[in-house]
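Student: Please give me a close look at a single part of this structure, and then show me how the rest is arranged around it. I am new to it, so begin with whatever term I need.

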Amino acid sequence: NSSKPTMISAPQLSMNRQVDEAPVSELKVSASPNPYFDKVRFVIESPVSGHGNLEVFNMLGQKVKTVYEGQINAGRGQVIEFIVPQTLRSNLIYVMRVGNYRVTGKLVRSQQ
């Protein structure tokens, strides 16, 4: 009775390039780092081209800053950097709009 180890091969993972190249069907915004200390980098992916705006609100719902207003192009990740003024460094809410699409998210202030 030989105790040879049995080799089990995992199925090959296929990289489907069509998934990566497919147009996005919804507006996506990622914010990093989150929690943030003094700046936030937003990456915006939109299914449509058009006028977009990115606004930041305090936790009371009051708009404190328009971070970006201008053209957003479909299918391209656009990067917007926001250096958060000292007076605004708290937990914040962001709202990104392009055409009829809207995304909201929360920015958490780092305790550094």
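Tutor: A strand, labelled S, is a run of at least two residues that DSSP marks E, and strands are numbered from the N terminus. The model is predicted. The part to look at is Val48, which sits in the loop between S2 and S3. S2 covers residues 39-45, and S3 covers residues 50-57.

Is Val48 buried, exposed or something in between? With a relative accessibility of 27%, Val48 counts as partly exposed, since buried means under 20% and exposed over 50%. Leaving out residues up to four places away in sequence, Val48 touches Ile72, Asn73, Ala74, Val98 and Tyr101. Another residue to locate is Glu26, which is 22 residues from Val48 along the chain. The C-alpha atoms of Val48 and Glu26 are 8.8 Å apart.

To place these residues, consider the whole chain. The protein contains one helix and seven strands, and from the N terminus the elements follow the order α-β-β-β-β-β-β-β. Among contacts with a separation of 6 or more, 56% are between residues 24 or more positions apart. Of the 112 residues, 31% are buried. The protein exposes about 8000 Å², and carbon and sulfur atoms supply 50% of that area.

The two strands on either side of the Val48 loop can be taken in turn. S2 belongs to an open sheet of three strands, ordered S1-S2-S5 with antiparallel pairing. S1 and S5 are the edge strands of this sheet, each pairing on one side only. On average, with direction ignored, neighbouring strands here are turned by 20° against each other. Between S2 and S5 the antiparallel pairing runs over six bridges, and Phe42 stands opposite Ile80 in S5.

What do the side chains of S5 do along residues 78-83? In a regular strand, side chains alternate between the two faces of the sheet. S5 shows alternation: Gln78, Ile80 and Phe82 point to one face and are buried, while Val79, Glu81 and Ile83 point to the other face and are not buried. Ile80, the residue opposite Phe42, is thus on the face of S5 whose side chains are buried.

S3, on the other side of the loop, belongs to an open sheet of four strands in the order S4-S3-S6-S7, with antiparallel pairing. Its edge strands are S4 and S7, each of which pairs on one side only. Neighbouring strands in this sheet are turned by 15° against each other on average, direction ignored. S3 and S4 pair in the antiparallel sense over eight bridges, and the bridge partner of Phe57 in S4 is Lys63.

Lys63 also takes part in a salt bridge: its side chain meets that of Glu55, at 3.2 Å from N to O. Lys63 is partly exposed, at 47% relative accessibility, whereas Glu55 is buried, with a relative accessible area of 10%. Glu55 forms a salt bridge with Arg97 too, the closest N and O atoms being 3.0 Å apart. Because Glu55 lies in S3 and Arg97 in S6 (residues 92-98), this pair ties together parts that are 42 residues apart in sequence. Arg97 is partly exposed, at 31% relative accessibility. Through shared partners, the salt bridges join Glu55, Lys63 and Arg97 into one network. The count of salt bridges comes to two.

The last item is the nonpolar packing. The largest nonpolar core has 21 residues, and Phe42, Met96 and Leu107 touch the most other members. S1, S2, S3, S4, S5, S6 and S7 each supply at least two residues of this core. The largest share, four residues, comes from S6.

Met96 shows what such a core residue meets. Neighbours within four places in sequence aside, Met96 is in contact with Leu27, Val29, Ile44, Gly52, Asn53, Leu54, Ile72, Tyr101, Arg102 and Val103. Two of these names lead back to the starting point: Ile72 and Tyr101 are in contact with Met96, and Val48 touches Ile72 and Tyr101 as well.

Terms used:
Residues numbered from 1 in each chain as written. Predicted model: local features only at pLDDT ≥ 70, side-chain atom pairs only at ≥ 80, totals over all residues. Heavy atoms only, no water. Buried < 20%, exposed > 50% of the residue type's maximum accessible area, 1.4 Å probe, protein only. Pairing = 2+ DSSP bridges. Salt bridge = Lys/Arg side-chain N within 4 Å of Asp/Glu carboxyl O. Contact = heavy atoms within 4.5 Å. Areas by Shrake-Rupley, 256 points an atom, 1.4 Å probe, with all protein chains shown as cover. Core = buried A, V, L, I, M, F, W, Y, C linked by side-chain atoms within 4.5 Å. Axes fitted to C-alpha atoms, helices over the stretch in contact; angles between N-to-C directions.
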